[in-house]
Amino acid sequence: MQLEYLSQIFPLDEIVSNLEGNLKFQEMLSEEYASMARDIYYKKIGESLELPKNHYTYFTKPTFALGTFLKLEDGHYTFKNEISNQTEEMLKKEREEVHRKEMLTNKDFVTHDFGGGMVQAIKDCWMYQEKNSFSFNGINKDALYYQYKPLFLQKMADKYVYIGPVQLGTSTSQKDNKVIQIVNPYVFPNVVLWTERKNLIEYFMEEKYNNLNFTLGEMLTNEWIENSKKGLKDQFYIGGLAIDENGLVKSVDTTPEVIKELVET
């Protein structure tokens with residue numbers, strides 16, 4: 001659900017702390033009103049009102065517009081079904097992004113499709129050797145093919161530092177009204193990954209079935225990379241790989257400062 005309110009005038013916590021505001025807010029979130037708002041919005045954007053197969057809620061369907069919460073000049077609260085053009089455009093972009101992700105999904109590795117771009121996937125990883133380089137490939141938790149191709153490697157004490165592009169998904173196409181639409185993969189050009197004690201080749205050769213496939217399947221995703229810290233030259237510091245006390249590969253979501261200094265210089 002998408003709720004719009006005049007945050008520049010009053011914060012959300014003010015609504016819920018006010019008796020009238022809290023009651024109005026609960027009314028807006030009620031099943032009766034939310035269902036009505038959902039159906040109005042889905043009809044507007046041409047979305048089917050039928051439930052997805054094997055589902056009993058609308059939570060995995062496109063985000064819908066719940067409406068706008070208002071504070072009147074006399075201090076009373078109310079809400080309306082309409083939303084601003086800015087919010088409408090934001091929801092449109094979100095739907096386009098979900099559609100792109102669905103198009104790039106590798107269906108062969110999907111065990112369950114929840115709809116709305118949410119899937120349960122078989123996470124896998126493998127290594128590919130070219131003439132003078134290696135690429136590290138796999139299937140992430142979103143059932144997207146990934147490829148990490150380091151262009152830089154540096155050993156620092158007990159750590160190995162890698163920098164290179166990550167590609168998520170492979171180019172695909174669809175035909176819509178006799179027009180062929182090309183869907184391109186996501187590409188992140190400068191991704192920094194470090195490994196502890198072993199280099200990345202050793203991780204792939206020795207630790208694949210010790211949780212490496214699951215760990216990389218979580219790290220090499222749009223969400224993880226986009227939420228990682230960015231460097232001065234737009235590097236994505238996604239963290240590192242280490243081995244825990246049980247001998248399983250784990251992710252470390254921070255990057256030591258000494259590695260950042262090396263990368264920046």
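**Notebook: strand pairing, helix packing and salt bridges**

I began with the strands and noted that S9 and S10 pair in the antiparallel sense over 5 bridges. The model I am reading is a predicted one. For a register point in this pair, I took Phe152, whose bridge partner in S10 is Ile163.

I then looked at the turn of this hairpin. The hairpin of S9 and S10 has 2 residues between the strands, and Ala157 takes a positive phi near 55° there.

Which other strands pair with S10? I found that S8 is joined to S10 by 3 bridges, and that the two run antiparallel. Tyr146 has Leu168 as its bridge partner in S10. I also found 9 bridges from S10 to strand S13, residues 186-196, again in the antiparallel sense. Within S13, Trp194 stands opposite Val161.

I next checked the burial of S10, which spans residues 159-168. Of its 10 residues, 8 are buried, so I recorded the strand as largely enclosed by the rest of the structure.

**Helix packing**

I turned to helix H3 (residues 31-45) and helix H4 (residues 85-104). Their axes are 13 Å apart and meet at an angle of about 70°. Are H3 and H4 roughly parallel or roughly perpendicular to each other? An angle from 65 to 115 degrees counts as roughly perpendicular, and I therefore entered H3 and H4 as roughly perpendicular to each other.

I listed the residues at this contact. From H3 they are Tyr41, Lys44 and Ile45, and these meet Glu88, Leu91 and Arg95 in H4. By class, I noted 3 nonpolar and 3 charged residues in the contact of H3 with H4, and no polar ones.

**Salt bridges**

How many salt bridges does the structure hold? I recorded 15 salt bridges, and I examined some of them individually.

The first entry concerns Lys24 and Glu27, whose side chains meet in a salt bridge at 3.9 Å, N to O. The cut-off is 4 Å. Both residues lie in helix H2 (residues 19-29), 3 residues apart, which is about one turn of the helix. I looked up their accessibility as well: Lys24 is partly exposed at 26%, and Glu27 is partly exposed at 41%.

The second entry concerns Lys149 and Glu130, with 2.9 Å between the closest N and O atoms of their salt bridge. What does this pair tie together? I located Lys149 in the loop between strand S8 (145-148) and strand S9 (152-156), and Glu130 in the loop between strand S6 (124-129) and strand S7 (134-139), so the pair ties together parts that are 19 residues apart in sequence. Lys149 has a relative accessible area of 25% and is partly exposed. Glu130, at 29%, is likewise partly exposed.

The third entry concerns Lys141 and Asp142, which form a salt bridge with the closest N and O atoms 3.5 Å apart. Is Asp142 buried or exposed? I found Asp142 to be buried, with a relative accessible area of 9%, whereas Lys141 is partly exposed at 23%. The dividing value for burial is 20%. I then followed the shared partners of this pair: salt bridges join Lys101, Lys141, Asp142 and Glu223 into one network.

Note on methods. Residues are numbered from 1 along each chain as its sequence is written. This is a predicted model: local features need pLDDT of at least 70, side-chain atom pairs count only at pLDDT 80 or more; totals for chains, interfaces and linings use all residues. Side-chain values use heavy atoms; hydrogens and water are left out. Helices (H or I, at least four residues) and strands (E, at least two) are DSSP runs, numbered from the N terminus. Buried means under 20% relative accessible area, exposed over 50%, partly exposed in between (1.4 Å probe, protein chains only). Axes are lines fitted to C-alpha atoms, for helices over the stretch in contact, and angles run from 0 to 180 degrees between N-to-C directions. Angles under 35 degrees count as roughly parallel, over 145 as roughly antiparallel, 65 to 115 as roughly perpendicular and the rest as oblique. Contact means heavy atoms within 4.5 Å. Ala, Val, Leu, Ile, Met, Phe, Trp, Tyr, Cys and Pro count as nonpolar, Asp, Glu, Lys and Arg as charged, and the others, Gly among them, as polar. Two strands pair if DSSP finds at least two bridges between them.
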